[in-house]
Amino acid sequence: MAAREQDIQAVSRTAQILGLFGPETPELSVAETTRRLGLNRTTAHRYFSSMISSGLLERVEDSALVRPGRSILQLGSFTLGKQRIMQMAPAYMRELSLEIKISTVLSLWGTSGPVVSLVEEADHPTVVTVRVGSQLALDSSQAKVFLAFLPDQFHADRLTGSLPEPQRTETRRRIEAIRQAGMSSYVNNRGICVVAAPVFAAAGICATIAAVGTERMLPEALDSREATALKAACKRLTKEMGGTWPEATD
């Protein structure tokens with residue numbers, strides 16, 4: 001119990017230190033931190049050292065000041081990217097669904113895989129759809145697209161390493177193919193075809209968009225009219241998000 005309380009206190013103090021940063025306080029000193037939080041100098045210095053080691057803070061060159069580190073900047077960029085993509089994507093998905101007469105699905109990366117976050121159902125007598133909030137499996141088309149382009153490929157390898165053989169080998173083979181093609185297509189054993197492509201922000205892949213339909217409605221070929229329209233929409237959205245489509249996939 002005592003160890004747990006110490007962990008909670010450490011998290012709380014870390015959050016308090018990070019909360020001191022803002023537009024008026026882009027950098028902090030140990031003295032300023034002790035004054036504003038009521039910590040003693042040794043404790044503040046110890047927290048600074050631990051937070052620097054973990055990437056939460058970084059030292060300002062030629063000074064005793066610190067500022068938010070790479071981990072915080074990545075998290076902030078990721079969070080802002082999620083907010084922006086949720087605002088911008090619906091118009092692109094609506095236009096795409098009207099063009100190809102197929103439902104479109106946007107997923108964001110969760111703790112261990114893609115989570116369906118937006119769905120635009122097609123204006124068609126036959127509709128294939130996915131529930132918002134659904135966690136997609138690691139061997140799904142959208143998960144493989146994420147795994148192909150995640151900035152942290154060590155994390156991607158750890159996730160695929162948890163899959164049983166021969167599924168692990170096949171998933172990694174498909175991921176490599178997706179890197180080359182820039183997108184994924186797959187028909188499952190129920191006759192549902194999913195064609196998926198990435199959307200990039202400045203910090204890297206921020207979402208995937210997939211067209212979902214029966215194999216009679218949606219061709220599996222990546223050079224089909226539907227796949228070409230999906231890729232074009234994701235490229236336009238990538239540009240608006242400030243991202244860059246990988247050269248290898250052009």
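Start with the whole chain on screen and its contacts in mind: of those with a separation of 6 or more, 53% join residues 24 or more positions apart. Keep in mind as you look around that this is a predicted model.

**The whole chain**

Show the chain as a cartoon and walk along it; you should meet eight helices and seven strands. Switch to C-alpha atoms and align the view with the principal axes: they fill a box of roughly 70 × 40 × 35 Å. Now turn on the surface. The chain exposes about 13,600 Å², and carbon and sulfur atoms supply 53% of that area. Of the 250 residues in the chain, 42% are buried.

**Stop one: Ser 107**

Next, select residues 103–109, which form strand β3, and pick out Ser 107 within that strand. Is Ser 107 buried or exposed? Ser 107 counts as buried because its relative accessibility is 0%, and the cut-off for buried is under 20%.

Show side chains here and draw a distance from Ser 107 to Gln 142: the two side chains make a polar contact at 3.1 Å. Then which residues surround Ser 107, leaving aside its neighbours within four places in sequence? With those neighbours set aside, Ser 107 is in contact with Pro 114, Val 115, Val 116 and Ser 117, and also with Leu 136, Gln 142, Phe 146, Ala 207 and Thr 208. For one more distance, click the C-alpha atoms of Ser 107 and Met 86; they sit 10.0 Å apart in space, with the two positions 21 residues apart in sequence numbering.

**Stop two: the second largest pocket**

Keep Leu 136 selected, as this contact of Ser 107 leads to the next stop. Leu 136 is among the residues that lie nearest the centre of the second largest pocket. Add Ser 140, Ser 141, Asn 188 and Val 194 to the selection to complete that central group. In total, 13 residues line the pocket, and its volume is about 300 Å³.

Colour α5 (141–149) and β6 (192–201) to see where part of the lining comes from: each supplies at least two of its residues. Finally, colour the lining by residue class. You will find eight nonpolar residues, four polar ones and one charged.

Key. Residues numbered from 1 in each chain as written. Predicted model: local features only at pLDDT ≥ 70, side-chain atom pairs only at ≥ 80, totals over all residues. Heavy atoms only, no water. 1 Å grid on protein atoms, 1.4 Å probe; cavity = no way out; pocket = protein on both sides within 12 Å on 5 of 7 lines; lining within 4 Å. Points joined across faces, edges and corners; volume = space filled by probe spheres on them. Helix = DSSP H or I, 4+ residues; strand = E, 2+ residues; numbered from the N terminus. Nonpolar A, V, L, I, M, F, W, Y, C, P; charged D, E, K, R; others polar. Buried < 20%, exposed > 50% of the residue type's maximum accessible area, 1.4 Å probe, protein only. Contact = heavy atoms within 4.5 Å. Areas by Shrake-Rupley, 256 points an atom, 1.4 Å probe, with all protein chains shown as cover. Polar contact = N/O pair within 3.5 Å; in protein donor to acceptor, adjacent residues only side chain to side chain.
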